Amino acid sequence: MTSLKRFFSLFVIFSFSVFLLHCKSKKHTDAEYLNFASKVMQDTMPKMMQKVQEQVKAKGYAEAVSFCSTFAPEFGKNKNVEWTEKAREELGAKTFRLARISMKNRNPKNAANAKQAAIFSQWLKEGGQPTVYRDNEKIVTMHPIQIAMPLCLGCHGDSATLDKKAGQVIQKLYPEDKAVGYKMGELRGAFVTEINTTSF
Ligand code: HEC
């Protein structure tokens, strides 16, 4: 009987250790979260910019604005579904979300929150660099997005570079637009992922 008891308690200790080890194995390093986020970024941003570029070439900036205003959110939604699956597999994520945000946002849904605004201020002083922070259970990554090509300026530039017609369409579609006045190389915003993990 006693040996049975001992066997039972050993079994409980063993199972608990396995359980703890399992939980531990689900934790990932900041570098792994950033690495995952940059894979998502590479899979989304160039494709999106290529689409916009095609539209600008074919129809001009003004027409491309309306295209962008429906395409960007839709494309984002689809990519979210695709990458949520991978975040579950690779990071044991409960939920996953990708977004583009800015301190001078065009779409009101893309506004930076207070924490993200603080990171932007730091980036403006020290240069943008991939960043990870915790927000309750969420692990949030931020990668800088720059005005990297003259193409961006047609819809985000200053009085010298912003396409006039595009500016009018933007005002109609986004009356609270703040995303103009940029010059080449300036920090435009951030590519963000929010990962909610099952580990504790
Ligand atoms: C044809 C016009 C057009 C061009 C060219 C363009 N954008 Fe935009 N951009 C938009 C519109 C419209 C939105 C708002 C999309 C939405 O409603 O989600 C936007 C949104 C964004 C956002 C999301 C944050 C926000 O302000 O809502 C970022 C970041 C961004 N653009 C960066 C760029 C960069 C970098 C380039 C150049 C590589 C670029 N854009 C080129 C029209 C354009």
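## Contacts and overall fold

Long-range pairing dominates the contact count in this predicted model. Among contacts in the protein chain with a separation of 6 or more, 69% join residues 24 or more positions apart.

The protein chain has 200 residues, and 22% of them count as buried. Its secondary structure consists of 6 helices and 4 strands. Along the sequence, these elements run α-α-α-β-α-β-β-α-α-β.

## Helix H3: a bent element

Helix H3 covers residues 61-91. Its end C-alpha atoms are only 39 Å apart. A straight helix of 31 residues would span 45 Å, at 1.5 Å a residue.

H3 also has a kink of about 30°. The kink is centred on cysteine 68. Cys68 is also one of the buried residues of the helix. After H3 comes glycine 92. Its phi is positive, near 65°.

## What H3 packs against

Which residues of H3 are buried? They are Tyr61, Ala64, Val65, Cys68, Trp83, Ala87 and Leu91.

These buried residues pack against both helices and strands. The helical partners are H2 (30-59), H5 (150-156) and H6 (164-173). The strand partners are S1 (93-101) and S4 (187-197).

## The shell around the ligand

The ligand has 29 residues around it. Ala64, Asn107, Asn110, Cys152 and Cys155 come nearest. The elements giving two or more residues to this shell are H2, H3, H5 and S4. H3 gives the most, with 7 residues.

Ala64 belongs to two pictures. It is a buried residue of H3, and it is among the residues that come nearest to the ligand. H2, H5 and S4 likewise recur: they pack against the buried residues of H3, and each gives two or more residues to the shell.

By residue class, the shell divides into 18 nonpolar, 8 polar and 3 charged residues.

## Asparagine 136

Where does asparagine 136 lie? It sits in the loop between strand S2 (131-135) and strand S3 (138-146). Asparagine 136 is not a glycine, yet its phi is positive, at about 55°.

Is asparagine 136 buried or exposed? It is exposed, because just 5 other C-beta atoms lie within 10 Å, and a residue with 12 or fewer counts as exposed.

Key:
Residues numbered from 1 in each chain as written. Predicted model: local features only at pLDDT ≥ 70, side-chain atom pairs only at ≥ 80, totals over all residues. Expected span 1.5 Å × (residues − 1). Bend = angle between axes of the 7 residues up to and from the residue. Buried ≥ 20, exposed ≤ 12 C-beta atoms within 10 Å, placed from the backbone. Contact = placed C-beta atoms within 7 Å. Near = placed C-beta within 6 Å. Nonpolar A, V, L, I, M, F, W, Y, C, P; charged D, E, K, R; others polar.
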